[in-house]
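Good morning, colleagues. I would ask you to look at the model on the screen while I go through its contacts.

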Protein chains: 2
Amino acid sequence: METVTDNQKLKVAKKLKKMFGHIDLKTETYCPIRDVMALASDKWSILIMLYLGYFPVLRFNKLKKYVYGISNKVLSERLKMLESDGYLTRTMYPEVPIRVEYQLTNFGHSYLRKLLELTEWATSHGDTVIKNRKKFKTA
Amino acid sequence: METVTDNQKLKVAKKLKKMFGHIDLKTETYCPIRDVMALASDKWSILIMLYLGYFPVLRFNKLKKYVYGISNKVLSERLKMLESDGYLTRTMYPEVPIRVEYQLTNFGHSYLRKLLELTEWATSHGDTVIKNRKKFKTA
DNA sequence: AACTTAAGTATTAAAATGGAAACTGTTACT
DNA sequence: AGTAACAGTTTCCATTTTAATACTTAAGTT
C-alpha cells in the first residue's frame, strides 16, 4: 500500500510553492522543466546517463549495446546534446581505429544522483503501474 | 561549482549495481525505465503532475491554461494515460455543463515526491545548462 | 433564437522524430 | 585485393507528434 502522510504532502506543497510561487502562471516565462528536463529526462538520455554511471567510461558501440534498441543516429544525437548541456565529456583518441570515450562530468554525476531517486522508484513500483494499467483496461 | 565527492559517487555506483546487477545486460528483459518512466517522465506528464501537486484539484481547462502550449488532444491523452497508470483520478460530475475533476492519487503523490527532487535540481541548475550549451555552440 | 460554457473528440495539415541501412575514412590483417 | 574494426554521418522513408480549428451535448442566459 502507498503510505503518503499528510505531513509529506505538506512538504511537497511547500516545495512546489517555492518552485511555482514566483512564476506568473499566466505569462510564458522561461521554464527549466520544458527546456532542461525535456532533454535530460527523455527515455534514451536516462538510460545513457545510468549506464555511464554504472561503467565509468564507455565507447560508442558498447553504449549502443547496453542501450539496446537505440539507433546510431539517435545515440549520436543524444550524446551530442548531453555533451552540449554539460552532462558528459567526449574524448577522442586519434588512434587507428579511432577511439572515442564518453564519461560523466561532475555536473552529470550531480544530475544522476537525483535521477537515480526516480529510477529507483520506477523500478520498485513498476509492477504496481502494470497492475493499474491492466485493471484500467478491463474496467 | 559542482561538488561531487568520491563518497557520493560510490553510493551512486552501489545503487546502480543494485539496479543493474541482476539484469543480464545482453538480453532484453523487462525494463521499467523504458516502460514506466518513458510515460511518466515526459515533459507534459511532469508538468501535469507538478500542477496537480500544487493545486489539489484541477479541471481540464484550468490544467490546459497552466500547462500552456499543450493541445487538447495531447492533454486528454496524457491524462488518460496517467489515470490508467494510477497516478491520478478523473471524477466526472454529470452536471450541465459537465464538470470533470482531476487529482493525484496517493500513488501519484509518492511519485511526485521523487519527481520533485529532479525538477528542483533542474530549476536550480538550469542556468548552468544554458551556460554550457552556449559555450559548446561557440566552441 | 442565438449565445455561452465545459470537456473533450474529430479533422486536417504541417513538422518533428525515428529506424534501417548504406556510406566514410584510415589502418591492419589475410 | 578484400575484409574487418571503430565511430560515427548521411539518406530515405515511415511513423508520430503537434498545432489549429471545428464540432458535440445540453441546459441556462440574453
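Please bear in mind throughout that this is a predicted model. I begin with the protein interface. Chain B and chain A bury about 7,200 Å² between them, and 69% of that area comes from carbon and sulfur atoms. On the side of chain B, the three residues that contribute most are B:R34, B:Y68 and B:W121, which together supply 11% of the area that chain B buries against chain A. The contact itself draws 68 residues from chain A and 68 residues from chain B.

Let me turn to the polar part of this interface. The rule finds 10 salt bridges across it. One of them joins A:K15 to B:E117, where the closest N and O atoms are 3.9 Å apart. There are also 15 residue pairs in polar contact between the two chains, counting pairs in which both residues are at pLDDT 80 or more.

Which elements of chain B supply at least two residues each to the side that touches chain A? They are α1 (6-20), α2 (32-40), α3 (43-54), α4 (60-66), α5 and α6 (106-138). The largest share comes from α6(B), with 25 residues. By class, this side of chain B comprises 35 nonpolar, 16 polar and 17 charged residues.

One residue at this interface deserves a separate word. A:S41 sits in the loop between α2 (32-40) and α3 (43-54) of chain A. Is A:S41 buried or exposed? Its relative accessibility is 3%, and therefore A:S41 counts as buried. The side chain of A:S41 reaches across to the backbone oxygen of B:S41 at 2.8 Å. Apart from neighbours within four places in sequence, A:S41 is in contact with A:I46 and A:Y111 in its own chain, and with B:S41 and B:I46 in chain B.

I now move to the DNA, starting with strand D. This strand is surrounded by 18 residues, of which the closest are A:R59, A:F60, A:R90, A:Y102 and B:K73. Of the atoms of DNA strand D that come within 4 Å of the protein, 77% belong to sugar and phosphate. Three side chains of chain A illustrate the phosphate contacts. For A:R59, a side-chain N or O atom is 2.6 Å from a phosphate oxygen of DNA strand D. For A:Y102 the corresponding distance is 2.6 Å, and for A:S76 it is 3.0 Å.

The surface near DNA strand D takes at least two residues from each of α4 (60-66), α5 (72-84) and β3 (99-104) of chain A, and from α5 (72-84) of chain B. The most comes from α5(A), with 4 residues. This surface divides into 8 nonpolar, 4 polar and 6 charged residues.

Finally, DNA strand C. Here 18 residues lie around the strand, and A:K73, A:V96, B:R59, B:R90 and B:Y102 come nearest. Sugar and phosphate make up 78% of the atoms of DNA strand C within 4 Å of the protein. A polar side-chain atom of B:R59 is 2.7 Å from a phosphate oxygen of DNA strand C. The backbone takes part as well: an N or O atom of B:V100 lies 3.1 Å from a phosphate oxygen, while one of B:I98 lies 3.1 Å from a sugar or linking oxygen. Two or more residues each are given to this surface by α5 of chain A and by α4, α5 and β3 (99-104) of chain B. By class, the surface near DNA strand C has 7 nonpolar, 5 polar and 6 charged residues.

Technical notes: Residues numbered from 1 in each chain as written. Chains lettered and ligands numbered in written order. Predicted model: local features only at pLDDT ≥ 70, side-chain atom pairs only at ≥ 80, totals over all residues. Heavy atoms only, no water. Near = heavy atom within 4 Å. Polar contact = N/O pair within 3.5 Å; in protein donor to acceptor, adjacent residues only side chain to side chain. Nonpolar A, V, L, I, M, F, W, Y, C, P; charged D, E, K, R; others polar. Contact = heavy atoms within 4.5 Å. Buried area = accessible area lost by both parts, 1.4 Å probe. Salt bridge = Lys/Arg side-chain N within 4 Å of Asp/Glu carboxyl O. Buried < 20%, exposed > 50% of the residue type's maximum accessible area, 1.4 Å probe, protein only.
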